[in-house]
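Work through the exercises below with the model open. Each task is followed by a solution in steps.

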Amino acid sequence: MPNSDELSVVLEPTAQAGFVETDYVKGMVERAHAYTKAGFPVHFRGPSGTGKTTLALHLAHKIGRPVILIHGDAEFTTADLIGGEHGHRFQKVVDNFIHTVHKYEENMVKRWVDNRLTIACKHGFTLVYDEFSRSRPEANNVLLSILQEKIMDMPAGRGKDPYLKVHPDFTAIFTSNPEEYAGVNRTQDALRDRMITMDVDHFDYETEVRIARSKSGLSRKDTERVVKIVRGLRESEKSEFEPTVRASIMIARTLKQLALKPDSNKALFEEICQDILSSATSRVGSKTNQKRVRKMVADLIDEGLASKVQEKEEICNGTF
Ligand SMILES: Nc1ncnc2c1ncn2[C@@H]1O[C@H](COP(=O)(O)OP(=O)(O)OP(=O)(O)O)[C@@H](O)[C@H]1O
């Protein structure tokens, strides 16, 4: 049984509110679940905003064991993952005879404290190691024997046993973004060879619409208008950074918040789209590119409105 310190870092494998499960998402989750049942760690790899973390947490929920979450960090050492010796203690001593005497006693008894990876291995929890490639390969080396031999090498300070046998229910789920260069380390080949990597890309149209709707509460029709603009910009390859589903969610939620219909106030709708899309998809100071993106967004909005007018005319003429 985990102690109270350990329990403080454990998450319940609960379902995520508003999780959207289209055929695409279902297919990914079912395959990933089969890999974990067969005893393999799963790695979701893909650009920002493609739903890797959400998928990882959903898979952890399907597995049903308590969850330990770690976010990769360039500053991590192995000790941050497995644990270390702590326990520098100060004690105030008041002299009963000479009341002005206050003395601090320092107690140097050190106590080993397990960190998240050790807790997951010991109790057979599901480890979700988000953006694991942000941590340095040396820090992650400890994972090699955990994933292969199911044994964890423990430093001397932890006690008599230099090895910890990994609990049979331990499962590991990793995520990484290969496009993120700053602060990312090339995954060690040996580590990558021990996991099943599933490449994740931007969502298909239906999944993106359903996610934006689920996160905003906007009508299907208006959400589609928004998603078409975001996808149009993404597919145009005019932006330096592709807008993600997060942009669709941001615009849809803002419209819902303002109770704004895209065609009832086109000027405001366009300002919102430009705020959310043009700066986030261009490098700072890249004025030429921002201009190109702004023009693209304006054209996509006009196209959407034009198709709406045409749709109305066709309905009136009975040709739709
Ligand atoms: N299946 C889904 N159902 C509902 N919402 C989803 C789903 N997948 C992703 N989302 C939403 O899409 C957004 C991006 O997802 P997520 O954070 O998982 O992406 P990511 O690939 O981990 O991004 P990053 O690499 O930037 O951390 C989030 O707002 C998330 O809630």
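## Exercise 1: Strand pairing in the sheet

Start from one pair: phenylalanine 44 stands opposite threonine 175 in S11. The model is predicted.

**Task.** State in which sense S2 and S11 pair, and over how many bridges. Then place both strands in the strand order of the sheet.

**Solution.**

Step 1. Take a further pair along these strands. Arginine 45 stands opposite serine 176 in S11.

Step 2. Read the sense. S2 and S11 are parallel, with four bridges between them.

Step 3. Turn to S12. Valine 42 has isoleucine 196 as its bridge partner in that strand. S2 and S12 also pair in the parallel sense, over four bridges.

Step 4. Go to S3 and S8. They pair in the parallel sense over five bridges. Histidine 71 stands opposite aspartate 130 in S8.

Step 5. Now S1. Its pairing with S3 is antiparallel, over two bridges. Leucine 11 is found opposite valine 67 in S3.

Step 6. Assemble the sheet. Six strands form an open sheet in the order S1-S3-S8-S11-S2-S12, with mixed pairing. The edges are strand S1 (10-11) and strand S12 (196-199), each of which pairs on one side only.

## Exercise 2: The two faces of S2

**Task.** Sort Val42, His43, Phe44 and Arg45 by the way they point from S2, and say whether they are buried or exposed.

**Solution.**

Step 1. Recall the rule. In a regular strand, side chains alternate between the two faces of the sheet.

Step 2. Apply it. Val42 and Phe44 point one way from S2, and His43 and Arg45 point the other way.

Step 3. Check burial. All of them are buried, on either side of S2.

## Exercise 3: The nonpolar cores

**Task.** Find the residues that touch the most other members of the largest nonpolar core. Then name the element that gives the most to this core.

**Solution.**

Step 1. Count the members. The largest nonpolar core has 33 residues, and Ala56, Ala120, Leu127, Val128 and Ile173 touch the most other members.

Step 2. List the elements. Those giving two or more residues include strand S2 (42-45), helix H3 (52-63), strand S3 (67-71), helix H5 (116-123), strand S8 (126-130) and strand S11 (171-176). H3 gives the most, with five residues.

Step 3. Look at one member. Beyond its neighbours within four places in sequence, leucine 127 is in contact with Ile68, Ile70, Leu117, Ala120, Ala172 and Ile173.

Step 4. Look elsewhere. A second, separate core of 27 residues includes Val20, Ile211, Ala247 and Val297.

Step 5. Add the helix packing. H5 lies across S3 and S8, and runs at about 155 degrees to S3.

## Exercise 4: The ligand shell

**Task.** Say how many residues surround the ligand, and which are the closest. Break the shell down by class.

**Solution.**

Step 1. Count. The ligand is surrounded by 18 residues, of which Val20, Ser48, Gly51, Thr53 and Thr54 are the closest.

Step 2. Assign elements. H3, helix H9 (205-216) and helix H11 (245-258) each supply at least two residues of this shell.

Step 3. Classify. Six shell residues are nonpolar, 10 are polar and two are charged.

## Exercise 5: Loop residues

**Task.** Locate glutamate 131, alanine 259 and proline 47 in their loops. Then decide how exposed glutamate 131, alanine 259 and proline 47 are.

**Solution.**

Step 1. Glutamate 131 sits in the loop between S8 and helix H6 (137-140). Its phi is near 50 degrees, a positive value in a residue other than glycine. It is partly exposed because 19 other C-beta atoms lie within 10 Å, whereas 20 or more would make a residue buried.

Step 2. Alanine 259 sits in the loop between H11 and helix H12 (266-278). It also has a positive phi, of about 50 degrees, although it is not a glycine. Alanine 259 has 7 C-beta neighbours inside 10 Å, so it counts as exposed.

Step 3. Proline 47 lies in the loop between S2 and H3. With 17 C-beta neighbours inside 10 Å, proline 47 counts as partly exposed. Leaving aside neighbours within four places in sequence, proline 47 is in contact with Asn177 and Glu179.

Methods: Residues numbered from 1 in each chain as written. Predicted model: local features only at pLDDT ≥ 70, side-chain atom pairs only at ≥ 80, totals over all residues. Core = buried A, V, L, I, M, F, W, Y, C linked by C-beta atoms within 7 Å. Buried ≥ 20, exposed ≤ 12 C-beta atoms within 10 Å, placed from the backbone. Contact = placed C-beta atoms within 7 Å. Pairing = 2+ DSSP bridges. Axes fitted to C-alpha atoms, helices over the stretch in contact; angles between N-to-C directions. Near = placed C-beta within 6 Å. Nonpolar A, V, L, I, M, F, W, Y, C, P; charged D, E, K, R; others polar.
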